[in-house]
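Please look over the sequence and the three-dimensional view before reading on. The paragraphs that follow go from single residues to the overall fold and back again.

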Amino acid sequence: MDAIRKQATKLREQVAKQQQAVLKQFGNGGYASFDYVFSDEAELQQHQKLEKLYISTRSGKHFQRDIVRGVEGFIVTGSKQVELGTKLSEDSKKYGAEDSCTNVSTLSKAALTFGRARAQMEKERGDLLKALSTQVAEPLRAMVVGTPLEDARHLAQRYDKMRQEAEAQAIEVSKRQIKGREDAGNIDNNLKLEAAESKLQDLKSNMTVLGKEAIVAMTAVEAQQQRLTLQRLIAMVELERTYHQKILEMLDQLEEEMVSERQRIEATPSPVIEDPVPPPPSYEDANGIYSSQTVNGSGDSVGYFLAEVANNGWAEGECKGKAGWFPYGYVERRDRVPATKIAEVF
(Lines give C-alpha, C1' and ligand atoms only; values in the text may rest on other atoms or scores of the structure.)
Protein backbone atom coordinates (compact mmCIF):
# COMPACT_ATOMS: atom_id res chain seq x y z
CA MET A 1 0.00 0.00 0.00
CA ASP A 2 2.82 2.40 0.85
CA ALA A 3 4.57 1.57 -2.41
CA ILE A 4 1.41 2.34 -4.42
CA ARG A 5 0.95 5.59 -2.50
CA LYS A 6 4.53 6.63 -3.17
CA GLN A 7 4.27 5.75 -6.84
CA ALA A 8 1.04 7.74 -7.17
CA THR A 9 2.66 10.79 -5.55
CA LYS A 10 5.55 10.67 -8.00
CA LEU A 11 3.15 10.35 -10.91
CA ARG A 12 1.17 13.37 -9.75
CA GLU A 13 4.33 15.41 -9.45
CA GLN A 14 5.37 14.47 -12.98
CA VAL A 15 1.95 15.37 -14.36
CA ALA A 16 1.97 18.67 -12.46
CA LYS A 17 5.38 19.58 -13.85
CA GLN A 18 4.28 18.77 -17.38
CA GLN A 19 1.15 20.85 -16.95
CA GLN A 20 3.18 23.70 -15.54
CA ALA A 21 5.55 23.56 -18.50
CA VAL A 22 2.64 23.68 -20.94
CA LEU A 23 0.93 26.52 -19.08
CA LYS A 24 4.17 28.43 -18.89
CA GLN A 25 4.52 28.13 -22.64
CA PHE A 26 0.98 29.41 -23.06
CA GLY A 27 1.73 32.27 -20.67
CA ASN A 28 4.78 33.33 -22.68
CA GLY A 29 2.51 33.42 -25.70
CA GLY A 30 0.20 35.85 -23.96
CA TYR A 31 -2.57 33.37 -23.09
CA ALA A 32 -2.19 32.98 -19.32
CA SER A 33 -0.20 34.05 -16.27
CA PHE A 34 1.82 31.46 -14.35
CA ASP A 35 1.61 33.23 -10.98
CA TYR A 36 -0.99 30.88 -9.51
CA VAL A 37 0.39 27.61 -10.84
CA PHE A 38 1.28 25.20 -8.02
CA SER A 39 5.07 25.55 -8.13
CA ASP A 40 6.07 26.84 -4.68
CA GLU A 41 9.67 25.70 -3.95
CA ALA A 42 9.21 25.91 -0.17
CA GLU A 43 6.11 23.75 -0.38
CA LEU A 44 7.98 21.20 -2.50
CA GLN A 45 10.76 20.96 0.08
CA GLN A 46 8.14 20.54 2.79
CA HIS A 47 6.52 17.74 0.85
CA GLN A 48 9.85 15.96 0.30
CA LYS A 49 10.69 16.31 3.99
CA LEU A 50 7.40 14.67 4.96
CA GLU A 51 7.99 11.84 2.49
CA LYS A 52 11.38 11.10 4.06
CA LEU A 53 9.93 11.24 7.57
CA TYR A 54 7.12 8.91 6.57
CA ILE A 55 9.60 6.36 5.17
CA SER A 56 11.87 6.69 8.22
CA THR A 57 9.10 6.19 10.78
CA ARG A 58 7.67 3.29 8.81
CA SER A 59 11.07 1.55 8.76
CA GLY A 60 11.50 2.26 12.47
CA LYS A 61 8.10 0.77 13.20
CA HIS A 62 8.90 -2.38 11.25
CA PHE A 63 12.24 -2.76 13.04
CA GLN A 64 10.58 -2.38 16.43
CA ARG A 65 8.05 -5.02 15.44
CA ASP A 66 10.85 -7.38 14.35
CA ILE A 67 12.57 -6.95 17.72
CA VAL A 68 9.34 -7.70 19.56
CA ARG A 69 8.77 -10.86 17.53
CA GLY A 70 12.35 -12.00 18.06
CA VAL A 71 12.21 -11.46 21.82
CA GLU A 72 8.85 -13.22 22.07
CA GLY A 73 10.27 -16.22 20.19
CA PHE A 74 13.30 -16.21 22.48
CA ILE A 75 10.99 -16.21 25.51
CA VAL A 76 8.99 -19.18 24.18
CA THR A 77 12.14 -21.19 23.48
CA GLY A 78 13.71 -20.18 26.79
CA SER A 79 10.62 -21.22 28.73
CA LYS A 80 10.92 -24.70 27.26
CA GLN A 81 14.59 -24.81 28.25
CA VAL A 82 13.66 -23.78 31.80
CA GLU A 83 11.17 -26.63 31.92
CA LEU A 84 13.72 -29.20 30.75
CA GLY A 85 16.44 -27.86 33.02
CA THR A 86 14.14 -27.93 36.04
CA LYS A 87 13.26 -31.56 35.32
CA LEU A 88 16.96 -32.45 35.11
CA SER A 89 17.56 -30.66 38.42
CA GLU A 90 14.78 -32.59 40.16
CA ASP A 91 16.02 -35.93 38.82
CA SER A 92 19.58 -35.18 39.95
CA LYS A 93 18.50 -34.19 43.45
CA LYS A 94 16.30 -37.28 43.70
CA TYR A 95 19.19 -39.58 42.84
CA GLY A 96 21.48 -37.80 45.28
CA ALA A 97 18.95 -38.01 48.09
CA GLU A 98 18.44 -41.76 47.63
CA ASP A 99 22.20 -42.45 47.93
CA SER A 100 21.86 -46.02 46.69
CA CYS A 101 25.59 -46.64 46.21
CA THR A 102 26.97 -49.35 48.59
CA ASN A 103 30.60 -48.24 48.51
CA VAL A 104 31.26 -44.48 48.38
CA SER A 105 28.74 -41.66 47.95
CA THR A 106 30.79 -39.51 45.59
CA LEU A 107 28.28 -39.60 42.75
CA SER A 108 25.34 -39.00 45.09
CA LYS A 109 26.97 -35.90 46.53
CA ALA A 110 27.88 -34.65 43.05
CA ALA A 111 24.31 -35.23 41.86
CA LEU A 112 22.92 -33.21 44.78
CA THR A 113 25.37 -30.38 44.11
CA PHE A 114 24.61 -30.41 40.41
CA GLY A 115 20.85 -30.48 40.98
CA ARG A 116 20.92 -27.48 43.32
CA ALA A 117 23.15 -25.49 40.96
CA ARG A 118 20.98 -26.37 37.96
CA ALA A 119 17.87 -25.23 39.80
CA GLN A 120 19.50 -21.87 40.56
CA MET A 121 20.63 -21.48 36.93
CA GLU A 122 17.13 -22.15 35.66
CA LYS A 123 15.78 -19.55 38.09
CA GLU A 124 18.21 -17.02 36.63
CA ARG A 125 17.06 -17.95 33.13
CA GLY A 126 13.43 -17.43 34.12
CA ASP A 127 14.27 -14.02 35.58
CA LEU A 128 16.01 -13.10 32.33
CA LEU A 129 12.97 -14.03 30.27
CA LYS A 130 10.67 -11.95 32.49
CA ALA A 131 13.00 -8.96 32.25
CA LEU A 132 13.19 -9.24 28.46
CA SER A 133 9.40 -9.19 28.32
CA THR A 134 8.89 -6.20 30.62
CA GLN A 135 11.93 -4.13 29.67
CA VAL A 136 12.23 -4.80 25.94
CA ALA A 137 9.20 -6.36 24.26
CA GLU A 138 6.40 -4.49 26.03
CA PRO A 139 7.79 -0.92 25.62
CA LEU A 140 8.50 -1.47 21.92
CA ARG A 141 5.10 -3.08 21.33
CA ALA A 142 3.40 -0.13 23.02
CA MET A 143 5.16 2.30 20.70
CA VAL A 144 4.36 0.28 17.58
CA VAL A 145 0.63 0.48 18.29
CA GLY A 146 0.80 3.81 20.15
CA THR A 147 -1.17 6.96 19.32
CA PRO A 148 1.78 9.34 18.70
CA LEU A 149 2.83 7.47 15.60
CA GLU A 150 -0.73 7.05 14.34
CA ASP A 151 -1.54 10.72 14.96
CA ALA A 152 1.57 11.89 13.12
CA ARG A 153 0.87 9.59 10.19
CA HIS A 154 -2.73 10.83 10.12
CA LEU A 155 -1.51 14.44 9.85
CA ALA A 156 0.82 13.46 7.02
CA GLN A 157 -2.02 11.74 5.19
CA ARG A 158 -4.28 14.79 5.63
CA TYR A 159 -1.52 16.98 4.24
CA ASP A 160 -1.06 14.69 1.26
CA LYS A 161 -4.78 14.76 0.53
CA MET A 162 -4.92 18.56 0.79
CA ARG A 163 -1.93 18.82 -1.49
CA GLN A 164 -3.76 16.79 -4.13
CA GLU A 165 -6.72 19.17 -3.85
CA ALA A 166 -4.39 22.16 -4.19
CA GLU A 167 -2.79 20.65 -7.28
CA ALA A 168 -6.19 20.12 -8.87
CA GLN A 169 -7.27 23.66 -7.91
CA ALA A 170 -4.10 25.15 -9.41
CA ILE A 171 -4.92 23.47 -12.71
CA GLU A 172 -8.48 24.83 -12.50
CA VAL A 173 -7.15 28.36 -11.94
CA SER A 174 -4.89 28.04 -14.96
CA LYS A 175 -7.80 26.95 -17.11
CA ARG A 176 -9.91 29.90 -15.89
CA GLN A 177 -7.09 32.27 -16.67
CA ILE A 178 -6.79 30.98 -20.22
CA LYS A 179 -10.53 31.17 -20.70
CA GLY A 180 -10.60 34.71 -19.27
CA ARG A 181 -7.95 35.81 -21.76
CA GLU A 182 -10.00 34.48 -24.60
CA ASP A 183 -13.23 36.13 -23.37
CA ALA A 184 -12.13 39.13 -21.37
CA GLY A 185 -15.58 40.73 -21.26
CA ASN A 186 -17.34 37.73 -19.76
CA ILE A 187 -18.21 38.72 -16.18
CA ASP A 188 -19.24 35.21 -15.18
CA ASN A 189 -15.84 33.82 -16.17
CA ASN A 190 -14.11 36.56 -14.22
CA LEU A 191 -16.14 35.79 -11.10
CA LYS A 192 -15.39 32.09 -11.38
CA LEU A 193 -11.69 32.87 -11.84
CA GLU A 194 -11.67 35.01 -8.71
CA ALA A 195 -13.43 32.27 -6.74
CA ALA A 196 -10.98 29.64 -8.00
CA GLU A 197 -7.99 31.80 -7.12
CA SER A 198 -9.38 32.49 -3.64
CA LYS A 199 -9.94 28.76 -3.05
CA LEU A 200 -6.42 27.99 -4.21
CA GLN A 201 -4.97 30.52 -1.80
CA ASP A 202 -6.95 29.04 1.07
CA LEU A 203 -5.81 25.55 0.19
CA LYS A 204 -2.19 26.61 -0.07
CA SER A 205 -2.37 28.46 3.25
CA ASN A 206 -4.02 25.54 5.05
CA MET A 207 -1.69 23.08 3.41
CA THR A 208 1.36 25.03 4.60
CA VAL A 209 0.09 25.09 8.17
CA LEU A 210 -0.87 21.41 8.11
CA GLY A 211 2.45 20.45 6.55
CA LYS A 212 4.37 22.20 9.31
CA GLU A 213 2.31 20.44 11.96
CA ALA A 214 2.85 17.09 10.28
CA ILE A 215 6.60 17.67 10.04
CA VAL A 216 6.82 18.57 13.73
CA ALA A 217 4.79 15.50 14.74
CA MET A 218 6.67 13.11 12.47
CA THR A 219 10.04 14.49 13.56
CA ALA A 220 9.12 13.95 17.20
CA VAL A 221 8.00 10.39 16.49
CA GLU A 222 11.17 9.65 14.55
CA ALA A 223 13.35 10.93 17.39
CA GLN A 224 11.36 8.91 19.92
CA GLN A 225 11.64 5.79 17.80
CA GLN A 226 15.39 6.14 17.47
CA ARG A 227 15.94 6.89 21.16
CA LEU A 228 13.60 4.25 22.59
CA THR A 229 14.69 1.47 20.25
CA LEU A 230 18.36 2.10 21.04
CA GLN A 231 17.62 2.13 24.77
CA ARG A 232 15.77 -1.18 24.59
CA LEU A 233 18.56 -2.79 22.57
CA ILE A 234 21.13 -1.66 25.13
CA ALA A 235 18.89 -2.95 27.94
CA MET A 236 18.63 -6.34 26.22
CA VAL A 237 22.42 -6.57 25.88
CA GLU A 238 22.93 -5.64 29.54
CA LEU A 239 20.34 -8.18 30.71
CA GLU A 240 21.94 -10.99 28.75
CA ARG A 241 25.45 -10.00 29.81
CA THR A 242 24.47 -10.00 33.49
CA TYR A 243 22.72 -13.35 33.10
CA HIS A 244 25.70 -15.02 31.44
CA GLN A 245 28.10 -13.62 34.05
CA LYS A 246 26.00 -15.13 36.85
CA ILE A 247 25.76 -18.46 35.05
CA LEU A 248 29.52 -18.52 34.50
CA GLU A 249 30.17 -17.90 38.20
CA MET A 250 27.77 -20.71 39.14
CA LEU A 251 29.41 -23.12 36.70
CA ASP A 252 32.89 -22.27 37.98
CA GLN A 253 31.82 -22.91 41.57
CA LEU A 254 30.00 -26.12 40.62
CA GLU A 255 32.99 -27.48 38.74
CA GLU A 256 35.33 -26.63 41.61
CA GLU A 257 33.16 -28.49 44.15
CA MET A 258 32.70 -31.57 41.96
CA VAL A 259 36.38 -31.83 41.01
CA SER A 260 37.43 -31.34 44.65
CA GLU A 261 35.16 -34.20 45.73
CA ARG A 262 36.54 -36.44 43.01
CA GLN A 263 40.13 -35.68 44.00
CA ARG A 264 39.33 -36.38 47.66
CA ILE A 265 37.96 -39.81 46.80
CA GLU A 266 40.87 -40.63 44.50
CA ALA A 267 43.35 -39.73 47.24
CA THR A 268 41.70 -42.12 49.73
CA PRO A 269 43.53 -45.56 49.81
CA SER A 270 41.57 -48.52 48.59
CA PRO A 271 40.34 -50.92 51.35
CA VAL A 272 42.39 -54.13 51.93
CA ILE A 273 40.47 -57.31 51.11
CA GLU A 274 41.09 -60.21 53.56
CA ASP A 275 41.80 -63.74 52.23
CA PRO A 276 42.12 -62.71 48.67
CA VAL A 277 41.56 -65.29 45.99
CA PRO A 278 44.96 -66.53 44.77
CA PRO A 279 45.82 -65.50 41.25
CA PRO A 280 45.90 -68.11 38.52
CA PRO A 281 49.24 -69.87 37.88
CA SER A 282 51.69 -68.24 35.57
CA TYR A 283 52.81 -69.63 32.27
CA GLU A 284 56.00 -71.02 33.82
CA ASP A 285 54.06 -72.61 36.70
CA ALA A 286 51.63 -74.25 34.33
CA ASN A 287 54.53 -75.73 32.34
CA GLY A 288 56.46 -77.04 35.34
CA ILE A 289 59.25 -74.47 35.46
CA TYR A 290 59.58 -72.84 38.90
CA SER A 291 61.57 -69.88 40.02
CA SER A 292 64.79 -70.43 41.93
CA GLN A 293 64.55 -71.37 45.61
CA THR A 294 67.09 -71.48 48.41
CA VAL A 295 68.20 -74.89 49.61
CA ASN A 296 69.38 -75.29 53.22
CA GLY A 297 69.76 -71.52 53.55
CA SER A 298 72.04 -71.23 50.55
CA GLY A 299 71.27 -69.17 47.51
CA ASP A 300 71.96 -71.92 45.01
CA SER A 301 69.36 -72.15 42.34
CA VAL A 302 67.73 -75.52 41.84
CA GLY A 303 65.58 -76.36 38.84
CA TYR A 304 62.34 -78.23 39.48
CA PHE A 305 60.60 -80.34 36.91
CA LEU A 306 57.16 -81.75 36.80
CA ALA A 307 57.41 -85.53 36.68
CA GLU A 308 55.21 -88.57 37.25
CA VAL A 309 56.50 -91.19 39.65
CA ALA A 310 55.67 -94.87 39.20
CA ASN A 311 53.70 -96.72 41.86
CA ASN A 312 56.80 -98.36 43.23
CA GLY A 313 58.96 -95.32 42.69
CA TRP A 314 58.90 -94.04 46.31
CA ALA A 315 61.78 -95.28 48.42
CA GLU A 316 63.51 -94.20 51.56
CA GLY A 317 65.38 -91.00 50.76
CA GLU A 318 64.77 -91.00 47.05
CA CYS A 319 62.19 -91.66 44.37
CA LYS A 320 62.31 -92.80 40.81
CA GLY A 321 60.39 -91.16 38.06
CA LYS A 322 60.28 -91.26 34.29
CA ALA A 323 63.02 -88.67 34.14
CA GLY A 324 65.29 -90.61 36.49
CA TRP A 325 66.16 -90.69 40.19
CA PHE A 326 65.51 -87.57 42.32
CA PRO A 327 66.42 -86.83 45.95
CA TYR A 328 63.38 -87.29 48.14
CA GLY A 329 63.78 -83.84 49.74
CA TYR A 330 63.23 -82.19 46.40
CA VAL A 331 60.04 -84.02 45.51
CA GLU A 332 56.54 -83.06 46.55
CA ARG A 333 54.27 -86.03 46.82
CA ARG A 334 50.80 -85.78 45.40
CA ASP A 335 48.51 -88.77 45.28
CA ARG A 336 45.94 -89.39 42.62
CA VAL A 337 42.39 -89.16 43.92
CA PRO A 338 39.72 -91.28 42.26
CA ALA A 339 36.76 -89.50 40.73
CA THR A 340 34.41 -91.21 43.19
CA LYS A 341 36.28 -89.65 46.12
CA ILE A 342 35.95 -86.19 44.57
CA ALA A 343 32.20 -86.71 44.15
CA GLU A 344 31.92 -87.68 47.79
CA VAL A 345 33.72 -84.51 48.95
CA PHE A 346 31.40 -82.19 47.05
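**A walk through the helices and their contacts**

Arg141 counts as partly exposed because its relative accessibility is 33%, where partly exposed covers the range between buried, which is under 20% relative accessible area, and exposed, which is over 50% (1.4 Å probe, protein chains only). This is a predicted model, in which local features need pLDDT of at least 70 and side-chain atom pairs count only at pLDDT 80 or more, while totals for chains, interfaces and linings use all residues. Residues are numbered from 1 along each chain as its sequence is written, and side-chain values use heavy atoms, with hydrogens and water left out.

The partner of Arg141 is Glu72, and the two form a salt bridge in which the closest N and O atoms are 2.3 Å apart; the term stands for a side-chain nitrogen of Lys or Arg within 4 Å of a carboxyl oxygen of Asp or Glu. This pair links distant parts of the chain, since Arg141 lies in helix H3 and Glu72 in helix H2, with their positions 69 residues apart. Glu72 also counts as partly exposed, because its relative accessibility is 33%. Side chains of opposite charge can pair when their charged atoms come close.

To place these two helices, consider the whole protein, whose secondary structure comes to seven helices and three strands. Helices (H or I, at least four residues) and strands (E, at least two) are DSSP runs, numbered from the N terminus. Along the sequence the elements follow the pattern α-α-α-α-α-α-β-β-β-α. The protein has 346 residues, and buried residues make up 29% of them.

Where do the nonpolar side chains come together? The largest nonpolar core has 20 residues, of which Val71, Leu132, Val136 and Leu140 touch the most other members; such a core is a set of buried Ala, Val, Leu, Ile, Met, Phe, Trp, Tyr and Cys residues joined through side-chain atoms within 4.5 Å. Helix H2 (41-98), helix H3 (106-144) and H5 each supply at least two residues of this core, and the largest share, nine residues, comes from H3.

Several further pairs of residues show how positions distant in sequence are placed in space. Met236 has its place in helix H5 and counts as buried, because its relative accessible area is 18%. Its C-alpha atom is 6.6 Å from that of Leu132, although Met236 and Leu132 are 104 residues apart in sequence. Ala223, which is also found in helix H5, is partly exposed, with a relative accessible area of 39%, and its C-alpha atom is separated by 9.2 Å from that of Thr57, 166 residues away along the chain. Glu43 is found in helix H2 and counts as buried because its relative accessibility is 6%; the C-alpha atoms of Glu43 and Met207, 164 residues apart along the chain, are separated by 8.7 Å. Asp91, again in helix H2, is partly exposed at 38% relative accessibility, and its C-alpha atom is separated by 9.5 Å from that of Leu112, 21 residues apart along the chain.

How many salt bridges does the structure hold? There are eleven, and helix H3 offers two that share one residue, Glu122. Glu122 forms a salt bridge with Arg118, with the closest N and O atoms 3.0 Å apart, and because the two are four residues apart in helix H3, they are separated by about one helical turn. The side chains of Arg125 and Glu122 meet in another salt bridge, at 3.1 Å from N to O, and here too about one helical turn separates the residues, because they are three residues apart in helix H3. Both Glu122 and Arg118 are buried, and so is Arg125. Elsewhere, Lys109, Glu261 and Arg264 are linked in a network of salt bridges.

The surface carries charge as well, for Glu249, Asp252, Glu255, Glu256 and Glu257 gather in a patch of negative charge. Patches are made of residues with over 30% relative accessible area and no salt bridge, like charges being joined within 9 Å and nonpolar side chains (Val, Leu, Ile, Met, Phe, Trp, Tyr) within 5 Å. Within this patch, Asp252 has its place in helix H5 (residues 187-267), and Asp252 counts as partly exposed because its relative accessibility is 43%.

Notes. Areas by Shrake-Rupley, 256 points an atom, 1.4 Å probe, with all protein chains shown as cover. Lys, Arg positive; Asp, Glu negative; His and termini not counted. Charge placed at Lys NZ, Arg CZ, Asp CG, Glu CD.
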